[in-house]
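Visitor: Got a minute to walk me through the binding sites in this one?
Guide: Sure, let's pull it up.
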Amino acid sequence: MPISPEEKGFGQGSPELARWAEKVFQPEDAVLAEIRARSIREGLPAIAVGRFDGLHLEVLARLVGARKAVEIGTLGGYSGVCLLRGMPEEGVLHTFELDPHHAEVARESFRKAGVASRAHIHVGSAKDKLREVEHLGPFDLCFLDADKTGYSGYLDWAARHLRVGGAVLADNAFGFGGVSKSGGDEAVQALRRFNEELAQGGRFRATMIPTEEGLALGVKVR
Ligand code: SAH
Ligand code: DHB
Ligand code: MG
């Protein structure tokens, strides 16, 4: 019996279907697997996006025809490589990272992935450093994945510096499972506020891709 539309859930929790999808869509190749492993060996926290999130980023970058993109939170370069794979030869990613060691690991990742000339790493607090690229806008895509308490500010930045039709994407939009409960720590509260602003703020038409962490996705409409 097919499920009636009003009973259709949000997301798919079946491990069997997940295994099947991994086999068919092959979201992580050897280059990405090496980046994930080397990042851990280098002592970086194991908080890169998931394999399917990475593939989503690549395909979404292609969908918006991204030539100029911004990423906030580089870590070891895993998601940055995914974004650059979704961009054309002349496409450029400006990626922001607070920790110089993370940035060094990412530099090696971009080199190994053959995208070093198109990846510009800005080391320092994104809040201060974003100013450096404002004159290069408007941008086509903005991916948020750094300090969660900064998301609202980054969303404002994206609203001001994306073109109409450009996309804002945000990892961890489910707030580590906490956004639907009341309260929570600073990060969870900030993520709850971020989602409300994205969904209801009027500047974006937005949806949620129900990955493990929640990948929020908005298109700038005005
Ligand atoms: N997008 C990465 C994962 C990012 S993890 C990937 O999927 O591969 C979050 C990163 O944001 C960490 O490397 C952390 O050092 C960085 N970060 C935290 N606060 C920041 C800030 N204020 N400005 C820039 N980077 C920040
Ligand atoms: C954390 C940050 C992330 O961006 C993530 O995807 C998972 C965990 C963290 O700060 O713990
Ligand atoms: Mg994240």
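Visitor: Starting with Lys148, how far is a polar side-chain atom from an oxygen atom of ligand 2?
Guide: A polar atom in the Lys148 side chain sits 2.9 Å from an oxygen atom of ligand 2. Bear in mind that this is a predicted model.

Visitor: Which other side chains make polar contacts with an oxygen atom of ligand 2?
Guide: Asp145 places a polar side-chain atom 2.9 Å from an oxygen of ligand 2, and for Asn172 the distance from a side-chain N or O atom to a ligand 2 oxygen is 2.7 Å. As for cover, the protein takes up 64% of the 290 Å² of accessible area that ligand 2 has on its own.

Visitor: What surrounds ligand 2?
Guide: Ile47, Asp145, Lys148, Asp171, Asn172 and Phe176. By type, that shell has three charged residues, two nonpolar and one polar.

Visitor: OK, switching to ligand 1. Which residues come nearest?
Guide: Of the 21 residues around ligand 1, the nearest are Val49, Ser79, Glu97, His102 and Asp145. The shell splits into eleven nonpolar, six polar and four charged residues.

Visitor: Which backbone atoms lie by a nitrogen atom of ligand 1?
Guide: A backbone N or O of Gly73 is 2.8 Å from a ligand 1 nitrogen, one of Ala126 is 2.9 Å from a ligand 1 nitrogen, and a polar backbone atom of Leu98 is 3.1 Å from one. On its own, ligand 1 has 590 Å² of accessible area, and the protein covers 90% of that.

Visitor: And which elements supply at least two residues of the ligand 1 shell?
Guide: Those include α4 (78–85) and β2 (92–97).

Terms used:
Residues numbered from 1 in each chain as written. Chains lettered and ligands numbered in written order. Predicted model: local features only at pLDDT ≥ 70, side-chain atom pairs only at ≥ 80, totals over all residues. Heavy atoms only, no water. Near = heavy atom within 4 Å. Polar contact = N/O pair within 3.5 Å; in protein donor to acceptor, adjacent residues only side chain to side chain. Areas by Shrake-Rupley, 256 points an atom, 1.4 Å probe, with all protein chains shown as cover. Helix = DSSP H or I, 4+ residues; strand = E, 2+ residues; numbered from the N terminus. Nonpolar A, V, L, I, M, F, W, Y, C, P; charged D, E, K, R; others polar.
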